[in-house]
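Student: I would like a close look at one part of a model, followed by a connected account of what surrounds the topic. Here is the model.

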Amino acid sequence: NVGLIVANFAVWLFYELPGLRSAVYHASFYPCTVLGSCRGPEPWGISWITSMFLHGGWDHILGNMLFLAIFGKNVEDAYGPLRYLVFYFAGGFAATMTQTAMTLWFGTAQDARVPSLGASGAIAAVLGAYFILYPGSRVTTWIFPVFVVKVPAWIWLGLWFLYQLVEGSFGLFNAQANGGGVAFFAHVGGFVFG
């Protein structure tokens, strides 16, 4: 888990920040490449992996790595390091393919040419595994404006999943709905896989 966090930050600092637009273009995943209706810089069989280490901004990487740091260690402890690594990548693949399927089935040809990137699909798989493995553990949560409470993981993660599902469903009808540009179905697919 620590290695994955370090790898994500290393890619962000040394590959992406110096040329963010170029890095996003060259190493992201393009859903249209699965059907062959477009050509990406890399074949889709490679770009689904490279895209898992890319992020669109500081808030994107910091948020993803915070979730991975909070939930990933316990899941790694349950699976062991090697099985956890395989699980993480398999979850990332499931998340990418879920988002791709939803984009190709319900989106436009232009939607399928929008690059996908980020570790959140794989991290959603980690959250799904945490939901099953540690449902009764308590998650410290800040409720705006000043309340800090401990909530059972199954409630916290269940509400998080429902939010992803609702937002993704609204996005089917309007790509700009409440967070357009967020691959909500990658989160849904990853979580269900986990």
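Student: Is helix α9 (residues 184-193) largely enclosed by the rest of the structure or largely exposed, and why?

Tutor: This is a predicted model, and the answer is read from it by counting buried residues. Helix α9 spans residues 184-193, and 8 of its 10 residues are buried, so the helix is largely enclosed by the rest of the structure. The cut-off matters here: a residue is called buried when its relative accessible area is under 20%. The buried residues in α9 are F184, F185, A186, H187, V188, G189, G190 and F191.

Burial also applies to a pair of cysteines. C32 and C38 are both buried, and they form a disulfide with sulfur atoms 1.7 Å apart. The structure holds 1 disulfide. Its torsion about the S-S bond is about 70 degrees, so the disulfide of C32 and C38 is right-handed. A bond of this kind is covalent and joins the sulfur atoms of two cysteines.

For contrast, turn to the surface. L13, F14, L17, W58 and L62 make a nonpolar surface patch of about 530 Å². Two helices, α1 (2-16) and α5 (58-79), each supply at least two residues of that patch. L62 is one of the patch residues and lies in helix α5. With a relative accessible area of 45%, L62 is partly exposed; that class lies between the buried limit of 20% and the exposed limit of 50%.

Conventions. Residues numbered from 1 in each chain as written. Predicted model: local features only at pLDDT ≥ 70, side-chain atom pairs only at ≥ 80, totals over all residues. Heavy atoms only, no water. Disulfide = S-S within 2.5 Å. Buried < 20%, exposed > 50% of the residue type's maximum accessible area, 1.4 Å probe, protein only. Patch = residues over 30% accessible without salt bridge, like charges linked within 9 Å, V, L, I, M, F, W, Y side chains within 5 Å. Areas by Shrake-Rupley, 256 points an atom, 1.4 Å probe, with all protein chains shown as cover. Salt bridge = Lys/Arg side-chain N within 4 Å of Asp/Glu carboxyl O. Helix = DSSP H or I, 4+ residues; strand = E, 2+ residues; numbered from the N terminus.
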